[in-house]
Structures are given as structure tokens and as C-alpha cells.
Amino acid sequence: MSSGTTSTAAVEDAVGSNAPSAPRGIRRPRRPGRFLLGLAVPILLLVLWQVTTALGVFSSVQLPSPGSVLRAGVDLAQRGELLPHIAISTQRVLLGFIIGGVLGLALGATVGLSRVADTLLGPTIGALRAVPSLAWVPLLILWLKIGEDSKVTLIVIGAFFPVFTTVHLALRHVDKNLVEAARAFGITGLRLLSTVQLPAVVPAIFSGLRLALAQAWLFLVAAELIASSMGLGFLLTDSQNNGRTDRLLLTIILLAVIGKTTDALLGIVERKAVARWT
């Protein structure tokens, strides 16, 4: 075995030895039980919703019944309108999330590892992070017109900052003993980043990615305000303008369910990555 392979393995062992182990004697609930337990609150809310509408606490315009919302969804699906709205919104979110996540990871690593880059870029990025999402809309329309580019760019902006912030701060707090041990074995530069520093912050990276994915769905609605004729954001505003509260509630539920589904899929990737690198 070469000395380079030996040194890398030694450092990886050091990283693994510093990973927190699961406390003994504590049994986590089985996944099916956790899933069923997680459904308790949504089911309770659904029951309360049905009871409230049945008792006439609100008018049908203010709060349609669950059955009305379901029928609105079936009607849109039968007319061939629902799936295209879902598909275009999901495409926009995933594209913006991937681009924003990659940029956030790259720039966060740069600023987190370089004091010069931190001094140069940190204050500017921190200031831009405070700009509300809707404030970008007029500029994006002016620069990129009203096509897909402006919508995806807004989602990219939303996804970028959570990843950048978590990666930047996490790399600032990597155990210095691990870094020094790696350098003692002659590991520097990109090899140090890939074998020691990034594996040490994998949980933080995925925390940032999951926040970025949630932020991407939040920015979607703002993005689809940019003269959009398709998507869940458009369906939301169109339903409001036409007084279709049933479709409005349907859209909110779809955003919640699809957002949670994508987060759960990312959570599966997170568990595999954490098991591999920590």
C-alpha cells in the first residue's frame, strides 16, 4: 500500500473516531411506527376541518369542505391541467435548487476556508441575504424578461443562501486537530478539503441543503408571479383572483405534500451520506 493511501486512511479513521456514536440503551421507534405517528396531526386537522365545515362555522367560500377540495382536484386532473402545473413547478424548483446548492457549496467552501475571501465577500453576501425575495422580481424581469430564466434564477437565489451560510460556518468550526493531523501526513489543498474538511461537515451540508430545498419551494410562488401561465404558484394566484377557495386550498395542500416528499427523499440521501462519511 502506498504512503498516500495509508495517510488518507489514517485521517479518515481519525474523522470516524470523532463522529458521535448512538447512546446505548436508547431505542428509536421503528420507521413504520414513526410514519404512522407523524400522520396523527394531519389526520386530526382533517377531522377538525370536516367538523368545522359540517357545523357551518365558516361559509363555503371562506372554507370549503375537504370533499369540495378533493372534487376540485379531480376536476383539474380530468381536464388535464393539474399534472402540468405540478410538473412545471417541480422542474423549476429542482433546477433552481441544484444550481443554487452547487453555487452555495462552492462559494461557502471558498469563504469558509479562506480568511481573505471571507473578508472580501462575507459582508456583501450577508447584506444580499437580507433582501426580500419579491424585491428581486422587478430586476429579474428587467434583466431576464419574463421567461423561464427569470423564474429559475429567483429560485436559485433562494436556494443559495442557506447552503452558503451553513457550509461557511461549519468549515470555520472543523476540528483543528483533524486538519493538523492531515497536514502532518502531507494532505493539503483540494485533497484536504475532500478527505477531511467536507466529510467532517456532511451533517451541516445536508442541513443547509434541506433548508435550501424548503426555501426553493417558498421562492417558487414569488417566481411564478413573474407573468406565469403555468405552475402551482400561478394556480394559487389565479384561484384567489377567481374566488376559487377550493382550488386555493388544493394548491396549498399540494405544495405541502410535494415539498415534504422532496424533503423526505433528500433525507434518505442524507442518511446514506452521513453513514458513509461520518
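## Surface and overall make-up

The accessible surface of the protein chain comes to about 16,200 Å², and carbon and sulfur atoms hold 67% of that area. Keep in mind as you look around that this is a predicted model. Of the 278 residues in the protein chain, 38% are buried.

The secondary structure is quick to summarise: 13 helices and 0 strands. Read from the N terminus, the order of elements is α-α-α-α-α-α-α-α-α-α-α-α-α. Among contacts with a separation of 6 or more, 77% join residues 24 or more positions apart.

## The nonpolar core

Let us go inside next. The largest nonpolar core has 55 residues, and those with the most contacts inside it are Phe97, Leu154, Leu209, Trp217, Leu232 and Leu254. Helix α11 (residues 202–223) gives the largest share of this core, with 12 residues.

Leu154 is a good place to zoom in. Setting aside neighbours within four places in sequence, Leu154 is in contact with Ser133, Trp136, Val137 and Leu140, and also with Phe219, Ala222 and Ala223.

Trp217, another of the residues with the most contacts inside the core, also turns up beside Thr90. Thr90 sits in helix α5 and touches Trp217 and Ile258, not counting residues up to four places away in sequence. With a relative accessible area of 19%, Thr90 counts as buried because the cut-off is under 20%.

## Two helix pairs

Helix α5 (residues 82–113) packs against helix α12 (residues 232–241) at an angle of about 125°, and their axes are 7 Å apart. The pair is therefore oblique. On the α5 side the contact is made by His85, Ile86 and Ser89, which meet Leu232, Gly233, Phe234 and Leu235 in α12. Sorted by class, this contact has 4 nonpolar and 3 polar residues, with no charged ones. Leu232 is worth a second look, since this residue is also listed among those with the most contacts inside the largest nonpolar core.

The second pair joins helix α4 (residues 66–78) and helix α13 (residues 245–277), whose axes come within 8 Å and cross at roughly 85°. These two helices are therefore roughly perpendicular to each other. From α4, the residues Ser68, Val69, Ala72, Gly73, Asp75 and Leu76 take part, meeting Asp246, Arg247, Leu249, Leu250 and Ile253 in α13. By class, the contact of α4 with α13 has 6 nonpolar, 2 polar and 3 charged residues.

## Two residues to visit

Val179 belongs to helix α9 (residues 176–184). Its relative accessibility is 9%, so Val179 counts as buried. Leaving out neighbours within four places in sequence, Val179 is in contact with Val174, Leu192 and Gln197. Val179 and Val196 are 17 residues apart in sequence, and their C-alpha atoms are 7.0 Å apart in space.

Lys145 offers another stop, in the loop between α7 (133–144) and α8 (148–172). This residue is exposed, with a relative accessibility of 55%. Its backbone deserves a glance too: phi of Lys145 is near 65°, a positive value in a residue other than glycine.

Key: Residues numbered from 1 in each chain as written. Predicted model: local features only at pLDDT ≥ 70, side-chain atom pairs only at ≥ 80, totals over all residues. Heavy atoms only, no water. Axes fitted to C-alpha atoms, helices over the stretch in contact; angles between N-to-C directions. Helix = DSSP H or I, 4+ residues; strand = E, 2+ residues; numbered from the N terminus. Parallel < 35°, antiparallel > 145°, perpendicular 65-115°, else oblique. Contact = heavy atoms within 4.5 Å. Nonpolar A, V, L, I, M, F, W, Y, C, P; charged D, E, K, R; others polar. Core = buried A, V, L, I, M, F, W, Y, C linked by side-chain atoms within 4.5 Å. Buried < 20%, exposed > 50% of the residue type's maximum accessible area, 1.4 Å probe, protein only. Areas by Shrake-Rupley, 256 points an atom, 1.4 Å probe, with all protein chains shown as cover.
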